[in-house]
Every structure is written in C-alpha cells, then in structure tokens.
Amino acid sequence: MSVFQSVHEALGSILDRLALDLGDQPRPAFVVEPPRDPAHGDMATNVAMVLTKLAKKTPRFLAELIKPELEALPFIESVSIAGPGFINMRLAPSAWHQEIKDILLAGLSYGDSSIGGGAKVNVEFVSVNPTGPMHAGHVRGAVLGDTLCRLLTKAGYDVTREYYMNDAGTQIDVLARTTHLRYRQALGEDIGAIPEGLYPGEYLKDIAQALVARDGDKWLHKEESVWLEPLRFFATSYLIEVIKEDLKLIGITHDVFSNERVLIENGTLDKVFKILEEKGLIYTGTLPPPRGKVMEDWSPVPLVLFRSSQFGDDVDRPLKKRDGSWAYVMPDIAYHYDKIRRGFLFMINVLGTDHGGYLERMRPAVAALSDGKASLDVLFNNIVKVFKNGVPVKLSKRSGNLITLREMVEQVGAGAVRFFMLTRAPEAELEFDFAKVVEQSRDNPVFYVQYAHARTHSVMRQAKTLIPDLDDSAQALAAQDLSLMDEVEELALVRSLASWPRAVQAAALAREPHRIAFYLMGLAADFHSFWNKGNDKAALRFIQADDLKRTKVKLALVKAVQTVLANGLAVMGCRALEEMRHEQITP
C-alpha cells in the first residue's frame, strides 16, 4: 500500500469516527493527490469539498473538523486549509522512509492494485485482416492493446486477450485469387504484371511456394469454384501464423482467436437475429436520408431494422441489406454476443480512428443482447507516420510498399518499438522516425528512460568496487537506517516514486496505457536532475567514500528508483536495460 493509499484509508477512518450525517446517501468519492504547487505540501485532498452537499455543512467547516484528526496521525507533520476548504498535508520524513522500504520489499509487485476486483475483461486488439504481414500501421494498436492488458492485470482485473479474424468476405476472396496467381507463377508460368484489384505484395510468393510444397500442381488447371475455398483457408491460415510470429517479436500473444467465418457457418448470426426478434427489437421500416448529404435520387426503401434507438443510438440500424443478405454490422454484433455468451460482461476493443461510429453501433446491440449487464468500451488509436532516411513511407498492403513490424524490430529493437508507440496519446497522430528512435539524447524518451535505469545499475557496480562484500539485495537495503536519508532532494525523489501506484490506478481506470510512458519519462527526468545536482552538492552523491553507512542508505534510494523504473517498463512490455551500448555511464 502506497503512502497515498494509507492517507486515503486514514481519512476514511476519520470520517467514520466523525459520523457525519449524510442521510441515506453513500459517502462520495474523494482524492488524495500531490498538490499542484509543491510549496503547499506533500498531499492535498478535496474530501471537505465533496462532502459539503450531503453533510449540509460548508467545506471550510468540514475541513476544520477533519484537520485535528489528521494532525494526530503519527506520519502527518502538518496540516493546513487552503481556499474554501482544500486540505493540504505535509508528511513526516518517516513516512517517506517507510515508502522506500515498501518499494524494496514489494519489488515488481509495487503498485499492484485490487481495484479490478478480479472482474473478467475481454480485450480485443490487433485483429488485422489475415491478408498480409503486420506493418507499422498495425503496430500501434497492438502495443496499446497489450500494454492495456498488462496494466489491467496489475490493477487486479482478470484479463483475456483476444484476436478477431475477419476471414470472410471480399478481401479474403482477393487474397485467394492472388495466391492462385502467385501459385501459377511458382509453378513456372509467366503471369506478367499483377492485375488491378489483386494484392501485389511480395509476401504472397512465400504463400504460393508453401502451397506448391504441400499440394504440387493440384490446383493448376482447376476452375475457380474448385480452388477458391481451399486457397482461402490455406492463405489465411498461413498468414495468421505469420502474424502470430510477428507479434511474438514484440512480446505479444493472445489467449483466444475468434473467426468471423466460424460465426457465419455455425449459425450465430441467425441465432442473434432470432434473439433480437423475440425481444421485439426487429421490425421492417425505412430510414431518413443520411444527414449532411444531398441525395437527389434518394427514396425510402423498406429495411429490416434493429431498434437500437431504444438503447441510446441516434437512429435504428439495418441488419439486412436490400437483397436480404446480412448487413456489414451483423457479424460484429454476433461476435460480441459470442463474447457475452462466454461470460464477458466487460469488453474493450482497440481500433483505429478509421472505425469512427463503431462504438455507437455496437453499444446498443451489446446492451440489448445482455439485458443491460454488459459494457463495451473502445480505445481508438490514430495513424502512424513512418519516416525512413528522412522520407515519409506510405503503408499499403495493396501497393506492396510495406514497412513491416519485423523490419522495425530488426532496426531499432522490440523495446524501442513498444515504448515509442506509447509516447503520444492514442488519439494523436504519431511519427515514428527510425533515426529518432535510436538517437542517444534526452530528446529521445526511449533512451532517456532506459538510461536512467542503466545509471542505477552503474551506481551499484561502483558501490561494489568500494564495498566488495556489499549485500545490495532489496531486503538488505530495506533494513538500513533510512532516517539518515534527510536531504530535501532525496525526499522529493521518493515522492515521485510514491506516485507510481496512483499512476497505475489512474491509467487503468481511464484505459490510457500511454500514461505509464509519461510517468516513466517524468521519473527519469527527476532522477537525472537529482544526479546532476550531485555535481554541485556532494551530500547528494550516491557514493560517499568516507561514510559507508550513509552510502548504503543512499543505495536503498537508488534501488527503489531502479525497482519502479523496471516496474513501469514491465507494464509497457519493455526489457529494462542494465547497460547502454556506446555510452559510458559513471556515477
């Protein structure tokens, strides 16, 4: 439990003792967080502000009531009231010393939370159509999804990672036809230029060679009606294995792979339609013309509609086309019903911003099919613009001009790829510059954070040179007399470390994994700044050659920084580096 959580719990106990009359309403949520201005103290709470309406007392009155109770706590040094009723607190140094011990003894479990309560959550991400290898445009969603899963797991959720394969429809037919063309080429036929409408990517040659190796010339002179379905299955199966191997390069695996084709073939779409029909949510009607468009030849056409407007949608949605075939949205509705059937009432999908309107279409169906018990959220991520040798690179499977995930990893490393994808909020466009990602400067957040972690290991190596029998285990350092840690700058660095559990909870609740990268960049900046201050203030240097006892105390702080940095990098799926190549690191 972090010091922020300890103060939050203490406040809860204080409110229980005060027995404020809130009527029959539950106590509203309040926060304990660092104040905007550090001069105001170590922590601030809005507890008096949020209680005022129910308690029918002014915030100032409530703050005055709570103040002496807080002052009586042994780890609170002083309490002040600001403005209309904000409560600011300054903690005793012993509270920060205890936080160092907690970090060291918890290790990588520091920051673990129970806010998820073990709730089952299904996170569907990547879900690239199996028509080609993973390229840079896919990587961002993959990293966001996997980091979100790691984050939710740390926050106490029971997470299932799922991949949904759109292995039915026109694109898969195009894949099969292109595969057959390349198959003929692999058997020696001159196929000329790839016809318009087929996939020109070179990767299809590999699929064709694999097909030849398995089947020889079995499909060479057959009609399309004979080979289309077998080649659809072969090509998609081959490519999904390629995608799995690509994802492993950046440490991503999925627990479940679901198929659109299976949902269609096993009658799930028909079953879902019948369920909605039995609920009285299906009718035949007409829709108004699309808003914002002038359509002179438009006329209303009877369609089979789902009463999605009963569940918050702005219009009812057609589930069938004019010719009676399923509308595009129907397989996705069936897919979410399948998740509900499997016991997932909490679902998150990671999609590109080009899926605008998806959430509005799906949420009503999820609500209808679960009787309001299930919820769906979507994490949208914007495009990635890739630069290579200073030139923007266009990403398109159809043109065959690809910067693949494999190429990105080979050039800059898996950890750098993952970290860089989280350096912007998902809704913002992201520029991935190969030169920037490997640049060794403070302007490169990947380097800056890893450098901080490597520096902590450098300090430990230097300390062992000074103290050959040094026990630098977390347990041994936690047992030191941490009251010797009394420099203002040291305690300020501990405050940054103590914010890690709060960062985990906030990022998990907001479904914003990029906050972890932002936290690490801030902590790295604080550590590097502390390091630089040691150049001018000898008391801040980690190695005190004439005072081995104090050195061990300072090493406890270094180990705590190392632990939290490694903790955050683990949530991001990045290996924490102990040394930086081409860089001399000295304390």
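A nonpolar core is a set of buried Ala, Val, Leu, Ile, Met, Phe, Trp, Tyr and Cys residues joined through side-chain atoms within 4.5 Å. The exercises below concern a predicted model.

**Exercise 1. The nonpolar cores**

Determine how many residues the largest nonpolar core has, and which helix gives the largest share of this core.

*Solution.*
1. The largest nonpolar core contains 127 residues. I100, V123 and F432 are those with the most contacts inside this core.
2. Helix α21 (residues 548–571) supplies the largest share of this core, namely eleven residues.
3. Apart from this core lies another, of 32 residues, which includes L269, A327, V329 and V378.
4. Consider F432 in detail, leaving aside its neighbours within four places in sequence: among its contacts are V384, V386, F387, M408 and V437. K385 is also in contact with F432.
5. In soluble globular proteins, nonpolar side chains tend to be buried together.

**Exercise 2. Strand β5 and its partners**

Identify the strands that bridges join to β5, and state whether they run parallel or antiparallel to β5.

*Solution.*
1. Begin with burial: of the five residues of strand β5 (residues 120–124), four are buried.
2. Strand β6 (residues 158–165) is joined to β5 by five bridges, and the two run parallel. Within this pair, E124 stands opposite E162 of β6.
3. Between β5 and β6 the chain passes through helix α5 (residues 136–154), forming a right-handed β-α-β crossover.
4. Strand β11 (residues 346–352) is joined to β5 by three bridges, again in parallel. Here N122 has M347 of β11 as its bridge partner.

**Exercise 3. An open sheet**

Establish the strand order of the open sheet of four strands, and name its edge strands.

*Solution.*
1. The order is β1-β2-β4-β3, and the pairing is antiparallel.
2. An edge strand here pairs on one side only; this holds for β1 (32–33) and β3 (76–82).
3. Two bridges link β1 to strand β2 (residues 43–45) in the antiparallel sense. In one of these strands, β2, T45 is the bridge partner of V32.
4. Helix α3 (residues 59–71) packs on the sheet and touches β3 and β4 (86–91). The direction of helix α3 makes about 175 degrees with that of β3.

**Exercise 4. Residue D469**

Decide whether D469 is buried or exposed.

*Solution.*
1. D469 belongs to the loop between α16 (445–466) and α17 (474–478).
2. A residue is exposed when its relative accessible area is over 50%. The relative accessibility of D469 is 67%, so D469 counts as exposed.
3. From C-alpha to C-alpha, D469 and G111 are 31 Å apart in space, with their positions 358 residues apart in sequence counted as separation.

Technical notes: Residues are numbered from 1 along each chain as its sequence is written. This is a predicted model: local features need pLDDT of at least 70, side-chain atom pairs count only at pLDDT 80 or more; totals for chains, interfaces and linings use all residues. Side-chain values use heavy atoms; hydrogens and water are left out. Buried means under 20% relative accessible area, exposed over 50%, partly exposed in between (1.4 Å probe, protein chains only). Contact means heavy atoms within 4.5 Å. Two strands pair if DSSP finds at least two bridges between them. A crossover is right-handed if, with the strands pointing away from the viewer, the path from the first strand over the helix to the second runs clockwise. Axes are lines fitted to C-alpha atoms, for helices over the stretch in contact, and angles run from 0 to 180 degrees between N-to-C directions.
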